[in-house]
Amino acid sequence: MARVLIAGLIAMVIAVAVGPQFIAWLKRQSIGQQIREEGPAGHVVKAGTPTMGGLLILVAALAPALVVSLYTVPGITVILATFGCAVVGFADDYLKVRKRRSLGLNGRWKLVGLVVITAGVGWATTHVGYMDTEIYFPLVDVNIDLHWLYYPFLFLVIAGTSNGVNLTDGLDGLAAGTCAISLITLLAIALIDWIRSADEVANRSHEYLDLAIVAAALIGGVIGFLWFNAFPAEVFMGDTGSMALGGAIATLAILTETEVLLVFIGGVYLIEILSVMIQVASFKRTGKRVFLMAPIHHHFEMKAWSETKIMVRFWIVGAILCAIGFALYYRYYLRFQL
């Protein structure tokens, strides 16, 4: 447990201590946010706000994680998946800044990057003793062996979560806060798995503890970043941060075998994705929009809700959904372990 606390605290201290100098460096390099012309009118004033703040989260979290890590396959897999998704996001941010536009990396290249990351995670799962290609569905209490379909399923989980967090990152503090809540839930799951397995399966105990260490480091990094990202934001995480956090959340869920619970633990990101899909489908079929603007957090902006009100209410919804996900884990999953 000490390793978990140390990783989280050090990550938070690094983020808070280094943040001002890092933000000043971004300003000197003119690494500012490019605002979409079709976005809310109130966002125009945010143009030029330093972006790529995800680099701060990444350094603050991964440095202590690597120092304290037990270097098990699951722990290293989460670290590498987080870093890989960050690279994809960084490429997107870099092109936006360099070309001074709101569009960055081509969608095809993002897809290629996520496929490579999924392949790596899929390879790692075959080298973890407690993993298989079965997916457990709570409520209906059924295990389904996906066989080769397990790997497309992993891609759906990783790509969906990373892009969901990316869509959520549209208001000050929104993505950082909801990600912290999701990561805290996954940390609790990993810790319970570690405690339950500690006296019975030594190797598995180390693996779960390593997952908890990485999750705690990410939480510390995100909370430290949120210190500067809360309204009015001094820095944005950019795709570098949102893709990295989405990849981390997805991989933690995969390696704790709670992928299905991402419907709740990552419920806010799912809502954001569905709002875009519904908006696009409705406009293509009927020429009418369901929401004033998508993703859905912009809909509430257009209804004159303040950014702080939207942020806090989304945090509350995220916390409720995560609580439901954790309750389902506690009710259904624990009896299948060990």
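Q: Why is Cys 322 not counted as disulfide-bonded to Cys 179?
A: A disulfide is defined as a pair of cysteine sulfur atoms within 2.5 Å. The sulfur of Cys 322 is 10.0 Å from the closest cysteine sulfur, that of Cys 179, which is too far for a bond. This is a predicted model, in which local features need pLDDT of at least 70, side-chain atom pairs count only at pLDDT 80 or more, and totals for chains, interfaces and linings use all residues. Side-chain values use heavy atoms, with hydrogens and water left out, and residues are numbered from 1 along each chain as its sequence is written.

Q: What makes Cys 85 unpaired with Cys 179, and how many disulfides are counted by this rule?
A: The closest cysteine sulfur to that of Cys 85 belongs to Cys 179 and is 12 Å away, so the two are too far apart for a bond. The count by this rule is 0 disulfides.

Q: Why are Cys 85 and Cys 322 called buried?
A: Buried means under 20% relative accessible area, exposed means over 50%, and partly exposed lies in between (1.4 Å probe, protein chains only). Cys 85 has 0% relative accessibility and therefore counts as buried. Cys 322, at 3%, likewise counts as buried.

Q: Is Met 52 buried or exposed, and what is unusual in its phi?
A: Met 52 counts as buried because its relative accessibility is 4%. Its phi is positive, about 65°, although Met 52 is not a glycine. Most residues other than glycine have a negative phi. Met 52 is found in the loop between α1 (2-28) and α2 (54-68), where helices (H or I, at least four residues) and strands (E, at least two) are DSSP runs numbered from the N terminus.

Q: Why is Asp 141 called partly exposed?
A: Its relative accessibility is 38%, so Asp 141 counts as partly exposed. Asp 141 lies in the loop between β1 (134-137) and β2 (142-145), and has a positive phi of about 55° although it is not a glycine.

Q: Which peptide bond to Pro 232 is called cis, and where is Pro 232?
A: The bond from Phe 231 to Pro 232 is cis, with omega near -10°. Pro 232 is placed in the loop between α7 (202-229) and α8 (238-255).

Q: What is the kink in α1, and where does it lie?
A: A kink of about 50° lies at Gly 19, shortly before the proline Pro 20. The bend at a residue is the angle between axes fitted to the seven residues ending there and the seven starting there. Gly 19 is also among the buried residues of α1.
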